[in-house]
Amino acid sequence: MNINRRQMLILLPAAAVAWKSVLAGTPEVSPNYHMTDHWWGMLIDIPKCIGCGNCVRACQTENDVPDGFFRTWVERYHVDDWEMKNPQDILVNPMTDPTVISPDGGKEGFPVATDTSGKYFFVPKMCNHCADSPCTQVCPVGATFVAPDGVVLVDQKYCLGCAYCVQACPYGCRYIHPEKHVADKCTLCYHRITKGLTTACCEACPTGARQLVDLKNPKDPIHEFMKTHSLQVLKPQMATGAKAFYNGLDGSVR
Amino acid sequence: MSVFKDAGHLFRFAGLFVLAFLIFLVVRHFVVPKTFGQYGHYRAAAIGEIAAHPVRFAGHDTCEACHSDEADKKSKGKHAHVNCEACHGAQAKHANADDPSTVKPVLPDTTILCARCHTASAAKPKDFPQVVPADHSNGMPCDTCHQPHSPAMDAATPDATAKAPDKTAKQARGAK
């Protein structure tokens, strides 16, 4: 085959473009999704949570979460009435020592509470998708990262399963997958939010206690909500830049 | 030239270094994933791989595209803000089937389903409607009296087959 100079000048850039697309790997699944337009988080409205466990079951269905492991789970807190009878009672202050239960992550709900004293509330927990997340900083191989849209993800093909990140997460949101032997965690239903859907837990929540929020979207109701409510993040002293915002969070929650 | 007269061994050594560096570059080219470092110290292609996970919950917009009659009914009742799949479970298989009627969703058992949210417990928010199922309905399925899509007794017209609510159920509801 004879190729003259003119053909060569056309073929070379064409080959370069083709080679570039080969190198790019998996093509973008959602072509209309631009990572830089979003900064994802979650709003959890404690007074609305009824502890039904719908979110935990939905998450397991959506993400094939193995039994006994949780990407999201619900805890029930019971802070008893406190009557100080002597000075030593301050050591057993129920405010700093609440009773917390989470049977099977709250997947099948909670036992009926008959003790009407004190106060109860449910705290759904999940990955906080921290902006300065400790889990991504300890990864020795670069297998976990904060994506440009603020979602903390795990590259399971690259992960070694060393579990440094499991130890580093102050919220206990990661686990080693029992079959894949790599780190696994909430992806904020990345396969859903990139297609314009909400997360499985938000979709399944019957009371609207969980809301997916996009902090970069000026029309997101979170901005109005933040102006009118006092929101809190878990363990603010860790300075993780957590983006799971809790409304009505009690001081006893750890 | 006399400066380099006895420097041959240095050039050979420098050559070895250059060769080793070239080998390092070649090996690195094949070992490091192509998209590593595109956005940061990770493989950018992983983002697309994670986004490719199949969807199981179709989302209420998808449901309402076909089931607009049920959506209308629901929008007027107490359950207006409860999404379809909160009760009916993940239905993407049904919604994405070429012929959705071939993948028939299982109708939830209201005896279990309603109790998950509405069983009375001191732990639940006080303003959330809750009953003790045994006292309230005597083990009868909830949809004997309530229509799940519009559960309030006065708002819903019970099915012809449904029994009129007996007094105990009404009282229990009034007491709560």
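Which helix of chain B has the lowest mean pLDDT among the elements of that chain, and which has the highest? I would like to start there, since what we have on the screen is a predicted model, and the answer is that helix α9 of chain B, residues 167-175, comes lowest with a mean of 45, while α2(B) comes highest with 96. For chain B as a whole the mean pLDDT is 86, and 86% of its residues reach 70 or more. Over residues 155-176 of chain B, however, the value stays under 50, and the model has 24 contacts beyond four places in sequence for that stretch. For the complex, the predictor gives an ipTM of 0.82 and a pTM of 0.84.

Let me turn to how the two chains meet. In the model, 35 residues of chain B are in contact with 45 residues of chain A. On the chain B side, α2 (45-51), α5 (84-88) and α7 (110-118) each supply at least two residues, and α2(B), the helix with the highest mean pLDDT among the elements of its chain, gives the most, with 7 residues. If we sort the residues on this side of chain B by character, we find 18 nonpolar, 10 polar and 7 charged.

Chain B is also divided within itself, into domain 1 (44-107) and domain 2 (109-176). The contact between these two domains takes 8 residues from domain 1 of chain B and 7 residues from domain 2 of chain B. On the domain 1 side, helix α4 of chain B, residues 68-75, provides the largest share, which is 3 residues, and that side divides into 1 nonpolar, 2 polar and 5 charged residues.

Now please look at chain A, where 3 strands form an open sheet in the order β3-β2-β4, with antiparallel pairing. Why do β3 (99-101) and β4 (119-126) of chain A each have one side left without a neighbour in the sheet? Both stand at the edges and each has a single partner strand, so one side of each stays without a neighbour there. The twist from one strand to the next averages 25°.

Strand β2 of chain A, residues 72-79, pairs with β3(A) over 3 bridges, and 8 bridges join β2(A) to β4(A). You can follow the pairing residue by residue: towards β3(A), Arg76(A) stands opposite Ile101(A) and Tyr77(A) stands opposite Val100(A), while towards β4(A), Glu75(A) stands opposite Val123(A). The strand β2(A) is mostly covered, with 6 of its 8 residues buried.

Finally, helix α2 of chain A, residues 54-63, lies across β2 and β4 of chain A and runs at about 160° to β2(A). This helix, α2(A), is mostly covered too, with 8 of its 10 residues buried, among them Cys55(A), Val56(A), Arg57(A) and Glu62(A). What, then, covers the buried residues of α2(A)? The cover includes β2, β4, α6 (200-204) and β9 (210-214) of chain A, together with α5 of chain B, and α5 of chain B is one of the helices we met earlier on the side of chain B that touches chain A. Just after α2(A) comes Asp64(A), whose phi is positive, near 50°.

Technical notes. Residues are numbered from 1 along each chain as its sequence is written. Chains are lettered from A and ligands numbered from 1 in the order in which they are written. This is a predicted model: local features need pLDDT of at least 70, side-chain atom pairs count only at pLDDT 80 or more; totals for chains, interfaces and linings use all residues. Helices (H or I, at least four residues) and strands (E, at least two) are DSSP runs, numbered from the N terminus. Ala, Val, Leu, Ile, Met, Phe, Trp, Tyr, Cys and Pro count as nonpolar, Asp, Glu, Lys and Arg as charged, and the others, Gly among them, as polar. Two strands pair if DSSP finds at least two bridges between them. Axes are lines fitted to C-alpha atoms, for helices over the stretch in contact, and angles run from 0 to 180 degrees between N-to-C directions. pLDDT is the predictor's confidence in each residue, from 0 to 100. A residue is buried if 20 or more other C-beta atoms lie within 10 Å of its own, exposed if 12 or fewer, and partly exposed in between; C-beta atoms are placed from the backbone. Domain bounds come from an automatic or database domain assignment.
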